[in-house]
Amino acid sequence: MWSALLLLATPVAGRAADEQWQVGTTSSFSSGHYGTDTRTEVFHTPLFARRLFRDGDLTLAFPFTCIRGNGAVTVVGGAPVRKEVDGNSRPSNNPRESVSGNPDSRSSDTTTRRSGGAATTGRTESSSGATRPAVDSSLRPGSGAIAESITSCGMGDIVVRGRYYLLDERGWLPTVAVRAQVKLPTAEADIGLGTGQHDEGVGFEVSRLLGGGFMTMVDGGYTIIGKPVGATFINTWWYDFGIAQDLANGVVNLSVFFEEYSTIVPGLDNAREILAAVTVKSTSGWRIQVSGEFGLSSGAPDLGVTFGASRRF
């Protein structure tokens with residue numbers, strides 16, 4: 001999603017002094033049960049624009065979202081959560097914020113280094129309507145009736161995110177950045193594309209270059225979740241850590257990360273995932289990225305795939 005949108009940080013060459021903008025898109029697909037008896041699929045495509053400054057950046061993401069399932073799941077912060085079923089509110093967790101979309105979730109280029117190199121992410125940075133295809137053979141939770149598969153598509157929640165660098169890597173000191181983000185409730189809550197509430201979050205990013213083209217990264221943050229009437233959502237924390245390596249003189253980058261997001265409903269499992277990404281960049285400013293996520297708990301998607309493309313100029 002946002003994060004992903006997308007996903008996680010991997011190093012590439014630093015931006016040129018005259019590069020002031022980055023525009024692109026990150027399309028993600030995820031599939032899982034999220035605590036229900038049927039599978040829900042989510043397609044999320046944020047378009048983003050990032051203004052690059054000497055000491056940070058500012059990103060705006062406009063997502064388009066489609067969710068297909070039996071209506072038991074909604075989208076919170078770009079990620080699927082379980083809605084009220086049989087009178088009990090039992091959402092799943094993993095409410096990632098993106099640019100990435102997390103943004104940042106994190107977003108593409110989540111851990112961009114100010115000097116000495118940059119890091120892109122394996123994670124992705126994001127009028128409604130609903131169509132009703134033919135009935136599928138899945139069952140609604142708690143009933144023996146055949147569930148109708150519903151596909152709802154429309155604009156998702158707009159995300160605004162800013163980042164400021166506190167420290168550049170020097171000696172044994174790492175690169176350290178802080179960030180803040182706001183989710184605007186532009187998605188239509190009635191068809192499961194959002195909650196209709198604002199979310200706000202703060203976080204940090206720490207990265208350090210190692211020998212042999214390797215980089216280590218640790219990120220974390222806290223998100224205040226907007227609470228719709230009748231929902232039992234609670235605020236959430238998240239963190240991730242991983243390693244990345246440049247290949248082919250920095251043209252190709254590989255990264256692998258572990259991440260965890262606390263549940264937004266007491267008593268449910270936290271979302272835990274393994275994410276892996278391949279990033280390719282060109283001298284003309286283009287960056288292409290393919291990433292995959294593999295769920296390790298019931299709160300995470302079973303499987304997710306993201307494709308992103310962006311250009312700096």
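Let's start with arginine 208, which sits in strand β14, the stretch covering residues 199–209. Before going on, please keep in mind that we are looking at a predicted model.

Is arginine 208 buried or exposed? At 19% relative accessibility, arginine 208 counts as buried, because the cut-off for buried is under 20%. The side chain of arginine 208 reaches the backbone oxygen of tryptophan 172, at 3.3 Å. Aspartate 168 is 40 residues away from arginine 208 in sequence, and the C-alpha to C-alpha separation of the two is 9.6 Å.

Now let's step back to the whole chain. There are 20 strands and zero helices. The chain has 313 residues, and 53% of them count as buried. The accessible surface comes to about 12200 Å², with 63% of that belonging to carbon and sulfur atoms.

Next, the part I'd like you to find on the screen: strands β15, β16 and β17. Strand β15 takes in residues 214–224 and β16 residues 236–247; the two run antiparallel and are joined by ten bridges. One place to see this pairing is methionine 217, whose bridge partner in β16 is glycine 242. On to the next neighbour: β16 is also joined by ten bridges to β17, residues 252–261, again running antiparallel. Here aspartate 246 has asparagine 253 of β17 as its bridge partner. The hairpin of β16 and β17 has four residues between the strands, and alanine 248 there takes a positive phi near 55 degrees.

Staying with β16, look at threonine 236, which is found in that strand. Threonine 236 counts as buried, at 2% relative accessibility. What does the side chain of threonine 236 make a polar contact with? The answer is the side chain of serine 262, at 2.7 Å.

Now for the aromatics. The structure holds five aromatic pairs. In one of them, the ring centres of tryptophan 238 and tyrosine 261 are 6.0 Å apart and the planes are at 25 degrees, so this pair is stacked. Tryptophan 238 belongs to β16 and tyrosine 261 to β17, so the pair ties together parts that are 23 residues apart in sequence. Both tryptophan 238 and tyrosine 261 are buried.

Another pair is tyrosine 239 with phenylalanine 241: the centres are 6.4 Å apart and the planes at 5 degrees, so this pair is stacked too. Tyrosine 239 is partly exposed, with a relative accessible area of 28%, and phenylalanine 241 is also partly exposed, at 41%. As a reminder for reading the picture, side chains in a regular strand alternate between the two faces of the sheet. Tyr239 and Phe241 also join Trp237 and Phe258 in one aromatic cluster.

Last stop, the nonpolar cores. In soluble globular proteins, nonpolar side chains tend to be buried together. Which residues make up the largest nonpolar core here? There are seven in all: Tyr34, Val42, Ile67, Val73, Val75, Ala187 and Leu193. A second, separate core has six residues, including Val76, Val81, Ile225 and Val265. Going back to alanine 187, and leaving out residues up to four places away in sequence, alanine 187 touches Met155, Gly156, Asp157, Leu193 and Gly194.

That's the tour. If you'd like one place to zoom in, try tryptophan 238 and tyrosine 261, the stacked pair with centres 6.0 Å apart. Thanks, everyone!

Terms used: Residues numbered from 1 in each chain as written. Predicted model: local features only at pLDDT ≥ 70, side-chain atom pairs only at ≥ 80, totals over all residues. Heavy atoms only, no water. Buried < 20%, exposed > 50% of the residue type's maximum accessible area, 1.4 Å probe, protein only. Areas by Shrake-Rupley, 256 points an atom, 1.4 Å probe, with all protein chains shown as cover. Pairing = 2+ DSSP bridges. Core = buried A, V, L, I, M, F, W, Y, C linked by side-chain atoms within 4.5 Å. Contact = heavy atoms within 4.5 Å. Phe/Tyr/Trp six-rings, centres within 6.5 Å; stacked < 30°, edge-to-face > 60°. Polar contact = N/O pair within 3.5 Å; in protein donor to acceptor, adjacent residues only side chain to side chain.
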